[in-house]
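Please load the model in a viewer and keep the sequence panel open beside it. The stops below proceed from the whole chain to individual residues.

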Amino acid sequence: MGASLPPKEANLFKLIVKSYETKQYKKGLKAADAILKKFPDHGETLSMKGLTLNCMDRKSEAYDLVRLGLKNDLKSHVCWHVYGLLYRSDREYREAIKCYRNALRIDPDNIEILRDLSLLQAQMRDLAGFVETRQQLLTLKPNHRMNWIGFAVAHHLNSNASKAIDILEAYEGTLEEDYPPDNERCEHGEMLLYKISLLEECGLLERALKELHKKDFKIVDKLSYKEEEVSLLVKLGHLEEGEKLYRMLLSMNPDNYRYYEGLQKCVGLYSQSGQYSSDEIDQLEALYKSLGQQYSRSSAVKRIPLDFLNAEKFQEAADNYIRPLLTKGVPSLFSDLSPLYNHAGKADILEQLILGLEHSIKTTGGYPGREDKEPPSTLMWILFYLAQHYDRRGQYDISLAKIDEAIEHTPTVIDLYSIKSRILKHSGDLAAAAALADEARCMDLADRYVNSDCVKRMLQADQVSLAEKTAVLFTKDGDQHNNLHDMQCMWYELASGESFFRQGDLGRALKKFLAVEKHYADITEDQFDFHSYCLRKMTLRAYIEMLKFQDRLHSHAYFRKAAAGAIRCYIKLYDSPSKSAAEEDDEMSRLPASQKKKMRQKQRKAEARAKKEAEVKIEESSVSVSKSGKRNVKPVDPDPCGEKLLQVEAPLLEATKYLKLLQKHSPDFLETHLLSFELNMRKQKILLAFQAVKQLLRLDAENPDSHRCLIRFFHKVESTPAPATDTEKLICGVIEAERRTFSQLHEKSLIEANTLFLENHRDSLMHRAAVAEMMYVLEPSKKAEAIKLIEDSSNNLVARNGALGPVREWKLKECIAVHNILGGVLVDRDAALRWKVRCAEYFPCSTFFEGSRSSAVNSALKQVTKKPENGGVNHQDAEQSANSPSSNGTVEKLEALVI
């Protein structure tokens, strides 16, 4: 390194390297200039100067200098190494690996380059190369603990756990008997637990248990030791010992649900499905009764029996569990009990139980069978629970009555307003829900959760500008866009993107969806630093779990929503491309002179306003220089409206990138294949569209969307002209052969298949709508019959044993979808209007259907007032600043609301 330089310049070169490592970039730059003054063509100095400039955000100069240095000294491993570091800083990992390999050809035993290469191989999951590089490092430095551990981890990741065990045992063989010293006991204990987990993974359970007991005194983390021991005991069938150990763990933490589950397995009373015989229920009841006496303060030991008890026993246990929580005033009680609503009959028992408590409190002031009086707040929490209960069951009128009664009882509890906001959202009045959430926010301006809940409600009501003003109250320096993006606030970006998409603003919608996709790319990059850190700190089990998590990262729900949103935007952009400048000029020339003048004035004003806003942002973006010479520039978004994102030549090609990620990471979701079908039908990729249809039928053949895609696909195939080329003939032959394998179409025409689907699902609104839509596609002359099929649907009552009667079957979201089919697909405004009037009776709070009790219709109610000095956002000002109208049936301004 710097060997070709005289002693004085060689020392200066070492100073450059030291300055780079200590982040004293100005000092390093000065030393580099001193060398280059005498030796202007010295390749390694040019490369190091470029690397230093790269750290000072002068990337273009950096690349030029590093390339010049490499050109001047192609046989220098330093130049190649620096070039690789430059690529690595820009996340160009594959190019960086190429540079490192070139450096290793020149200096094959360079420890630093090998270490850097191994990190990149782990990042890119080049596992075979990772094993090879780690072996070289171990060969060169066998006395370094990290090299042994790294080699073992490499083999484990490369699906060779047995080899990893051998390497760890060989490493232990190099250690002395009294190892480890006190300052390394934690790290060594972690390594031993990792080795035992490898033995367990390989199925060597007896050996793992023996090793665990043998190394007992060397393992510091005793809780992990006991959990690993009991796991091995249960797998080996030593259930009595496992039971004793689980009871010991419960004495340490009686609220750990996994310990109770393990104890049930040990006593032979565990079922994955949660279904038990009457004898097993009696045994479980006795078990939890004894545990309850032992751990009387544990909530888990009281809550778990509610999952398996039935009828009267369930009612008694639920009563004992609920009463103290209502007295104490636990807001999360309904969330705790909500899984029970999926168990047959339990929701009805809970309803009767809580109504009984409500009646007793109102008449006697205490619980049934008790003389003690309850505090006044108990009634409020009972009403609070009942409001959520009826909301869950779709009985919004009763739910709103209960929550209004609770608010009248105690008007100062924020949770009441938040829950009422949620009920209004479910009932379809999004604008009222947003206003009420804002009312809750103003009651506690320091509560970030309530603020976020308010923002979410506003975005659902398409009040984007008002949501931004509310969100900025909890962001740094008042810069909501960049700050929320930097904080990776994905729920906000997804909700904003969905709102913009509903309003038809595809540019902003795409910008939000792609921002979420970038967050996931950043999370993937963030693992890089842990490849060396975890091996150094010996957090090996957590490291392996983190890598597994990273491998399934893109299957997360937020990424799925963002990718699906981006695909929908690109499809809509393809279906309705934005107008070019020439088309706009052509339209302008057709307008009368007076309108032409007004349009030009509006355009000039809009351009002037945008220019002024851009100038203000540039002035605000302060540029500061740190002591190290690095410039801190406050970024300015060059495309705030996403206009550049809309200027893509092939929207479907862009959508395909995200579709491939969904197909790879979320293949078991219906939406993935629905999007694949829509995309490939537009691209005329018949076989790929057919593949999507097969996947849909595999996942859910009875789903209305699966039926639509099946009929649409074969209708498209049948209406295509006769194949002319050999390729087309081959494709048609494949599809015709595959068609016979579908039971839905076997020896049936498409019309017959559509009719049969209706017979199988005659009572379902969405299935009838799908059949009607396909009837119109197959036979456009039967449009009236298709409309009649939908209108003849009946909103049946769902029978149940509840105290207040049955609820109706139709859901608000489904009715909105049917309205869109009548107005958009079947193109019948009169039918859509009739449907709207009909649904307004079923959903009186819905603003979409303009129900009688919705905020869109009822303008005679009292106006919600807010004091600006108390943190209230002026709704009128915010709504005036919102340029685009709402398109999902909500109103922009809520004039009145009763609290």
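How many disulfides does a search of the whole structure find? The search finds 0, a disulfide being a pair of cysteine sulfur atoms within 2.5 Å. In general terms, a disulfide is a covalent bond between the sulfur atoms of two cysteines.

Before proceeding, note that this is a predicted model, in which local features need pLDDT of at least 70 and side-chain atom pairs count only at pLDDT 80 or more, while totals for chains, interfaces and linings use all residues. Residues are numbered from 1 along each chain as its sequence is written, and side-chain values use heavy atoms, with hydrogens and water left out.

**The whole chain**

Display the protein chain as a cartoon: there are 47 helices and 4 strands. Helices (H or I, at least four residues) and strands (E, at least two) are DSSP runs, numbered from the N terminus. The chain has 899 residues, of which 46% count as buried; buried means under 20% relative accessible area, exposed over 50%, and partly exposed in between, with a 1.4 Å probe and protein chains only. A surface representation shows about 46200 Å² exposed, 51% of it supplied by carbon and sulfur atoms; accessible areas come from the Shrake-Rupley method with a 1.4 Å probe, and for residues only the protein chains shown count as cover. Of the contacts (heavy atoms within 4.5 Å) with a separation of 6 or more, 60% are between residues 24 or more positions apart.

**Two cysteines**

Select Cys266 and then Cys709. Cys266 counts as buried because its relative accessibility is 7%; Cys709 is likewise buried, at 3%.

**Salt bridges**

Side chains of opposite charge can pair when their charged atoms come close. A salt bridge here is a side-chain nitrogen of Lys or Arg within 4 Å of a carboxyl oxygen of Asp or Glu, and by this rule the count comes to 53.

Select Lys195 and Glu172, whose closest N and O atoms are 2.7 Å apart in a salt bridge. Lys195 belongs to helix H11 (residues 185-201) and Glu172 to helix H10 (residues 161-173), so this pair ties together parts 23 residues apart in sequence. Is Lys195 buried or exposed? Lys195 counts as buried because its relative accessibility is 2%, and Glu172 is buried at 16%. Extend the selection to Glu169, Arg207, Glu211 and Lys215, which are linked with Lys195 and Glu172 in a network of salt bridges.

Move next to Glu738 and Lys694, whose side chains meet in a salt bridge (3.0 Å, N to O). This pair links distant parts of the chain, with Glu738 in helix H41 and Lys694 in helix H39 (residues 686-700), 44 residues apart. Glu738 is partly exposed at 25% relative accessibility, as is Lys694 at 35%.

**Arg739 and its surroundings**

Remain in helix H41 (residues 726-739), where Arg739 is found. Arg739 is counted as buried because its relative accessibility is 13%. Which side chain makes a polar contact with that of Arg739? The partner is the side chain of Glu718, at 2.9 Å; a polar contact is a pair of N or O atoms within 3.5 Å, where within protein one must be able to donate a hydrogen and the other to accept it, and residues adjacent in sequence count only if both atoms are side-chain atoms. Leaving aside neighbours within four places in sequence, the contacts of Arg739 include Phe714, Leu745 and Lys748.

**Positive phi angles**

Follow the chain into the loop between H41 and helix H42 (750-760), the place of Glu747. Phi of Glu747 is near 55 degrees, a positive value in a residue other than glycine, and Glu747 is exposed, with a relative accessible area of 74%. Now select Asp57, in the loop between helix H3 (43-55) and helix H4 (59-72). Asp57 has a positive phi of about 65 degrees although it is not a glycine, and it is partly exposed at 37%.

**Final selections**

Select Lys537 in helix H31 (residues 530-537), together with Cys186. The two are 351 residues apart in sequence, yet 9.3 Å apart in space, C-alpha to C-alpha. Lys537 is partly exposed, with a relative accessible area of 42%.
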